[in-house]
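Please look through the sequence and the 3D structure shown here before reading on, and keep both at hand while you follow the report.

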Amino acid sequence: MTHQEAAKEVIPLLTPYKMGQFELSHRVVLAPLTRCRSYGNVPQPHAAVYYSQRATKGGLLIAEATGVSATAQGYPHTPGIWTQEQVEAWRPIVDAVHRKGAFFFCQIWHVGRVSTNGLFQKLQPNGEAPISSTDKPTSPAAVSRTEYSKPRRLRTEEIPGVVDDFRRAARNAIEAGFDGVEIHGAHGYLLEQFMKDSANDRTDEYGGSLENRCRFVVEVIDAIVNEVGAYRVGIRLSPFLDYKDCVDSNPMALGNYLIEQLNKHMYFLYCHMVEPRMAIIDGHRQIPHRLLPFRKVFNGTFIAAGGYDREEGNKVVAEGYADLVAYGRLFLANPDLPKRFELGASLNGYDRSTFYTHDPVIGYTDYPFLEEDTNNDEPATQV
């Protein structure tokens, strides 16, 4: 397909969409991606380059997971938003994105037990144990072989304080200029440690039944909505996944219950849900596409994530399976991903070895943009 032919076709991913009060020009979303380049948990100037590279007029970017408190950290050099210094450091980064005409949401998280105070890495204040729903540790990281520290089970009376950390982080994000916040309720971190029955072994009102296990996340949602308004709040969920020893015996019931809670808030902005792990069918990796029941009942914007490419993204938008599609590794390696999708151009490959390094340039802001050759109608060669 030539560039001219690609430009003429209707590309569902590149059609406009109204997400609440936000007029999006396309449906290609930058997924939240931990980048480990916020030294001392303070966002750095090079983040302004990174995010503005991926910003387009009317596009939606979701920032990397950002800690809500000093106890929220589980990886080195991840950003926070619990201090005024961090708020001020985020401002020029948000401004750089807004100058490109894009919308910017801050994903706020707490890692819970996915943290360590090991010999070579101390991520918790004063060497304290990480907090969680349980005192059961999670398995060592498969790739980095990080040994996670034994957590401390939160006492019932402590939980409102953690809820307040999320509320304050949301307020700080708005103060820093973000257009909204995304609650990180996925991937085995603190909220999932409460929600999923493999990790929650509590006997108080935050354990046992599905309603009790979800009580904490519901309180977080309610607090943030009351603080900044439902029209500025989204959430990321992964009911089917089993990251960090967090798996649920009935993911459909869990997902449906959470959607019911979101729908209680008029104008709750979006639900960002992660597909189950890809299946291997006839030797090819295929997305399971099991999110439709949730999409059908959720009242707001539905964002799908999990291994999508251009073809699959166009398909699910065209079929109404999702309103928007979040891209992670492809957007990381292709700062001009919407343009490449528009032109049908080939993509830069990503370098997995630089995903979590701390270099402010390599694997961060050095991925090349598409160089269009006006004398050649063929797609650009892959870098």
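The report below goes from the overall form of the chain to its charges and then to single pairs of side chains.

## Overall form

The structure is a predicted model, and every value given for it was computed. The chain has 383 residues, and a compact globule of that length would have a radius of gyration near 21 Å; because the chain has 20 Å, it agrees with what a compact globule would show. Measured out along its principal axes, the C-alpha trace spans about 65 × 45 × 40 Å, and the secondary structure comes to twelve helices and 15 strands.

## Inside and surface

Of the 383 residues in the chain, 58% are buried, where buried means that the relative accessible area is under 20%. If one takes the contacts with a separation of 6 or more, residues that lie 24 or more positions apart in the chain account for 71% of them.

The chain exposes about 15,900 Å² in total, and carbon and sulfur atoms supply 52% of that area.

## Charges

The chain carries 40 positive and 47 negative charges, and the mean positions of these two groups are 2 Å apart. The structure also holds 21 salt bridges, some of which are described in the next section.

## Selected salt bridges

One of the salt bridges is formed by the side chains of Arg-91 and Glu-175, with a distance of 3.4 Å from N to O. This pair links distant parts of the chain, since Arg-91 belongs to helix H3 (residues 84–99) and Glu-175 to helix H4 (residues 159–175), and the two are 84 residues apart. Are these two partners buried or exposed? Arg-91 has a relative accessibility of 26% and therefore counts as partly exposed, and Glu-175, with a relative accessible area of 33%, is likewise partly exposed.

Another salt bridge joins Arg-152 to Glu-158, where the closest N and O atoms are 2.9 Å apart; Arg-152 has a relative accessible area of 31%, so this residue is partly exposed. In the salt bridge between Lys-196 and Glu-192 the closest N and O atoms are 3.0 Å apart, and here both Lys-196 and Glu-192 are buried. Salt bridges can also share partners, and in this way Asp-164, Asp-165, Arg-167, Arg-168, Arg-171 and Glu-227 are joined into one network.

Notes: Residues numbered from 1 in each chain as written. Predicted model: local features only at pLDDT ≥ 70, side-chain atom pairs only at ≥ 80, totals over all residues. Heavy atoms only, no water. Helix = DSSP H or I, 4+ residues; strand = E, 2+ residues; numbered from the N terminus. Rg over C-alpha atoms; globule rule 2.2 N^0.38 Å. Buried < 20%, exposed > 50% of the residue type's maximum accessible area, 1.4 Å probe, protein only. Contact = heavy atoms within 4.5 Å. Areas by Shrake-Rupley, 256 points an atom, 1.4 Å probe, with all protein chains shown as cover. Lys, Arg positive; Asp, Glu negative; His and termini not counted. Charge placed at Lys NZ, Arg CZ, Asp CG, Glu CD. Salt bridge = Lys/Arg side-chain N within 4 Å of Asp/Glu carboxyl O.
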